Amino acid sequence: MKKAKIVSLGAIITIAGVLIAGNCVAAAYAPMITTFLAGTGVNFDSDEFTEAAAKSDELAQRIAEEGIVMLKNNDSVLPLATKKVNVFGWAATDQGFLLSGIGSGSSTISDSKKVTFLQALRDDGFEYNQQLIDMYNAYDSTDYGYNSSRMKLIEPDQSYYNNALIENARDFSDTAVVVLSRIAGENVGSEIPTYQTKSHGQTTDNSRTYLEISTEEEALLDTVKENFAKVVVIVNSTNPMQLGFVNDYRIQACLDVGIPGQSGTLAIGRILDGTVNPSGHLTDTYAYDLTQEPSFSNYLRNGNNI
């Protein structure tokens, strides 16, 4: 009798453990389970949904138009006087430009509805130097999405910017648009490393943090500044970058576009050509030098937490 009671108690504990674990799993995946069992309750073919989706897309564009920040505009370079531009930086490619962030709070964007940076330029009537884009696509055409692989900085070294490529670019336009991207979350460690891991066999740089520009990006900016009369930098980042390099007088303009979502990239072309006057302001202080920030002296790493 005593043995039976022990077995019954063990069974009860086991069942309770399974129920608790099941409830935890059910709570975590409640939306997916509900959708699987009962559907979404949304008729995606209805006129109401089509109208709501169109209005949502317009709203995404308006938010970007009002949220993009003009960090610098010397010599009235913006709006651009030309719609022929050289677009530099691997981050400008369709697989490189960031539309969404990472983590549970990031948006999910349909491939059929997303508007890439280059598509947005085309839709606004801009013509860009395809030879440059072809070089970047040949260098790395991987669609990393928004996984941890994007923490590796991807930018060709200067050997890829040969004389013929730069001469062709100068003949194409005197205007250069350079795109820099960073994707990170709210944590330190792997999400915002204090060093720079690079791709394609380039050496890890332990002297610079992930939110600083890399030596490859620095060399690219030097090349662009030496060869083009007008230089515009576009910062496409989830987190505040260290932007002291923008102080260089040869970089006349800089836009912080953040992460524009499904179709917010369309706002970028409208700002470049003057259709839209950017009115956004930074929601945080961007330090010229992160080590001079008051919070930096209080930095203490404990595992993956501060």
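Among contacts in the chain between residues at least 6 apart in sequence, what percentage join residues at least 24 apart? The figure is 77%. Keep this in mind while moving through the model, which is predicted.

**Whole chain**

Start with everything selected and coloured by secondary structure. The chain contains 8 helices and 6 strands. From one end of the sequence to the other, their order is α-α-α-β-β-α-β-α-α-β-α-β-β-α. Of the 306 residues, 42% are buried. Switching on a surface shows an accessible area of about 16,700 Å² for the chain; carbon and sulfur atoms account for 53% of that area.

**The loop between β1 and β2**

Select D75, S76, L78 and P79. D75 belongs to the loop between β1 (69-73) and β2, and S76 is found in the loop between β1 and β2 as well. Check the backbone torsions here. D75 has a positive phi, near 60°, although D75 is a residue other than glycine. S76, also not a glycine, has a positive phi of about 55°. Are these two residues buried or exposed? D75 has a relative accessible area of 66%, so D75 is exposed. S76 is exposed too, because its relative accessibility is 59%, and the cut-off for exposed is over 50%.

Continue to P79, in the loop between β1 and β2. The peptide bond that joins L78 and P79 is cis, with omega about 0°.

**Helix α6**

Next, select residues 163-172, which form helix α6. Just before the helix, display the side chain of N162: one of its oxygens comes to within 3.2 Å of the backbone nitrogen of A164, at the start of α6.

Now show the side chains of L165, I166, A169 and F172, the buried residues of α6. They lie on the same side of the helix, because the arc they cover around the axis is only 120°. Rotate to the face turned away from that buried side, and the exposed residues N163, A164 and D171 come into view.

What do the buried residues of α6 pack against? Add β2 (84-88), β3 (127-128), α5 (130-139) and α7 to the selection; these are the elements in question.

**Helix α7**

Move on to α7, residues 215-227. Its end C-alpha atoms are 19 Å apart, which agrees with the 18 Å that its 13 residues should span at 1.5 Å a residue.

Colour the buried residues of α7: E216, E217, L220, L221, T223, V224 and K225. Their cover includes β2, α5 and α6, together with β4 (175-182) and β5 (230-237). Helix α7 was itself listed among the elements against which the buried residues of α6 pack.

**E216**

Finish by centring the view on E216, in helix α7. Why does E216 count as buried? Its relative accessibility is 13%, and buried means under 20%.

Display side chains around E216. With the side chain of T215, the E216 side chain makes a polar contact at 3.3 Å. Leaving out residues up to four places away in sequence, E216 touches E155, P156, D157, Q158, K198 and Q202. Select these six residues with E216 to close the tour.

Methods:
Residues are numbered from 1 along each chain as its sequence is written. This is a predicted model: local features need pLDDT of at least 70, side-chain atom pairs count only at pLDDT 80 or more; totals for chains, interfaces and linings use all residues. Side-chain values use heavy atoms; hydrogens and water are left out. Helices (H or I, at least four residues) and strands (E, at least two) are DSSP runs, numbered from the N terminus. Buried means under 20% relative accessible area, exposed over 50%, partly exposed in between (1.4 Å probe, protein chains only). A polar contact is a pair of N or O atoms within 3.5 Å; within protein, one must be able to donate a hydrogen and the other to accept it, and residues adjacent in sequence count only if both atoms are side-chain atoms. Contact means heavy atoms within 4.5 Å. Accessible areas come from the Shrake-Rupley method with a 1.4 Å probe; for residues, only the protein chains shown count as cover. The arc is that of the directions from the helix axis to the C-beta atoms. The expected span of a helix is 1.5 Å times one less than its number of residues.
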